[in-house]
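Here are my notes on the model you sent, set out as numbered points. I have begun with the ligand and then worked through selected residues and charged pairs.

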Amino acid sequence: MGTPSTYGLWRKLVAKPGGKQLFSAAMCLRVPYFGTVLPTIREIRPGHCSVTAPKWWGVHNHIRTFHAIAACNLAEIAMGMLAEATVPATHRWLPKGMEVSYVAKAETGLRAIAELPEIPEFGSEGFDLPVPVRIVDARGTEVVTATITVWVTPRKAA
Ligand SMILES: CC(C)(COP(=O)(O)OP(=O)(O)OC[C@H]1O[C@@H](n2cnc3c(N)ncnc32)[C@H](O)[C@@H]1OP(=O)(O)O)[C@@H](O)C(=O)NCCC(=O)NCCSC(=O)Cc1ccccc1
């Protein structure tokens, strides 16, 4: 039996007590720059990921709101976990750009929701997959919107 995929590990842990926290901690060990926003993954499934992050001193900007680039980090976590659950093992993916708008002050902890309008076909050609991400505050107000473009290509035969 090989190492479980990221999505395989999520499915294994999600139903267990503390499983989401354990998965989120394991993710931050593997990808240390995610750790600065203290993320908790709430849901992962093909085409969807939701992740929350508290407002703490380490993400404050000079006006004591949630720093925009920390919010971008949160958006990337949501995109990355969505991609892990959506892109089949036959293909690989790599983010190649992000468009982002800061639409309101982020004065609370945040939730990023990455959601694809539809699951694409994964064929023999590489393609750009735009992943829309909404980031909302504790009241549900949208504070950041982003579209992360992911480059998806078939894996080469080993
Ligand atoms: C690669 C491309 C996006 C498109 O150029 P094209 O020439 O049309 O693409 P082509 O398909 O012909 O491939 C050419 C070569 O490109 C590489 N490569 C391609 N795909 C993958 C892949 N899936 N994984 C690994 N490498 C891949 C590979 O060397 C391949 O050569 P090969 O075929 O192996 O011999 C280029 O603009 C670029 O490198 N931009 C910078 C992107 C960048 O730095 N993003 C990171 C910023 S985001 C971040 O830091 C967080 C984060 C990171 C990771 C995960 C999650 C979060």
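1. The largest share of the shell around the ligand comes from S3, which gives 5 residues. Please keep in mind throughout that this is a predicted model. Two elements give two or more residues each to that shell, namely strand S3 (91-102) and strand S6 (142-154). The residues that surround the ligand are Tyr33, Glu76, Arg92, Trp93, Leu94, Pro95, Lys96, Trp151, Thr153 and Lys156, and by character they divide into 5 nonpolar, 1 polar and 4 charged.

2. Which residues offer a polar backbone atom to a nitrogen atom of the ligand? One is Trp93, where the distance between a polar backbone atom and a ligand nitrogen is 3.0 Å, and another is Pro95, where a polar backbone atom is 2.9 Å from a nitrogen atom of the ligand. With Trp151 the partner is a polar side-chain atom, which lies 2.8 Å from an oxygen atom of the ligand. As for cover, the ligand on its own has 1100 Å² of accessible area, and the protein covers 45% of this.

3. His91 also has its place in strand S3. Is His91 buried or exposed? His91 has a relative accessible area of 5%, and because buried means under 20%, His91 counts as buried. Beyond its neighbours within four places in sequence, His91 is in contact with Phe122, Gly123, Val152, Thr153, Pro154 and Arg155; of these, Thr153 is also one of the residues that surround the ligand.

4. The structure holds 4 salt bridges, and three of the pairs are taken up in this point and the next. Side chains of opposite charge can pair when their charged atoms come close. Lys96, which is among the residues around the ligand, forms a salt bridge with Asp128, with the closest N and O atoms 3.0 Å apart. This pair links distant parts of the chain, since Lys96 is in strand S3 and Asp128 in strand S5 (residues 127-136), 32 residues apart. Asp128 itself is partly exposed, at 41% relative accessibility.

5. In another of the salt bridges, the side chains of Arg134 and Glu142 meet at 2.7 Å, N to O. Arg134 is partly exposed at 39% relative accessibility, and Glu142 is likewise partly exposed, with a value of 31%. The side chains of Arg45 and Glu43 also meet in a salt bridge, at 2.4 Å from N to O. Here Arg45 has a relative accessibility of 34% and counts as partly exposed, while Glu43 is partly exposed with a relative accessible area of 34%.

6. Arg45 returns in the surroundings of Thr86, a residue whose place is in helix H3 (residues 68-86). Leaving aside neighbours within four places in sequence, Thr86 is in contact with Arg45, Pro46, Gly47, Leu116, Ile119 and Phe122. Among these, Gly47 has its backbone nitrogen reached by the side chain of Thr86 at 2.8 Å. Thr86 is buried, with a relative accessible area of 9%. Thr86 and Thr3 are 83 residues apart in sequence, and their C-alpha atoms are 18 Å apart in space.

7. Glu43 likewise returns in the surroundings of Ser50, which lies in strand S2 (residues 48-53). Not counting residues up to four places away in sequence, Ser50 touches Thr40, Ile41, Arg42, Glu43, Arg111, Ala112 and Ile113. With Arg111 there is a polar contact between the two side chains, at 2.8 Å. What relative accessibility does Ser50 have? The value for Ser50 is 4%, so this residue counts as buried.

8. A last point concerns helix H1 (residues 6-13), in which the buried residues are Thr6, Tyr7, Gly8, Trp10 and Leu13. What covers these buried residues of H1 includes helix H2 (19-30), strand S1 (40-45) and H3. An α-helix has 3.6 residues a turn, so residues three or four places apart point the same way. H3 is also the helix in which Thr86 has its place.

Definitions and conventions:
Residues numbered from 1 in each chain as written. Predicted model: local features only at pLDDT ≥ 70, side-chain atom pairs only at ≥ 80, totals over all residues. Heavy atoms only, no water. Near = heavy atom within 4 Å. Polar contact = N/O pair within 3.5 Å; in protein donor to acceptor, adjacent residues only side chain to side chain. Areas by Shrake-Rupley, 256 points an atom, 1.4 Å probe, with all protein chains shown as cover. Helix = DSSP H or I, 4+ residues; strand = E, 2+ residues; numbered from the N terminus. Nonpolar A, V, L, I, M, F, W, Y, C, P; charged D, E, K, R; others polar. Buried < 20%, exposed > 50% of the residue type's maximum accessible area, 1.4 Å probe, protein only. Contact = heavy atoms within 4.5 Å.
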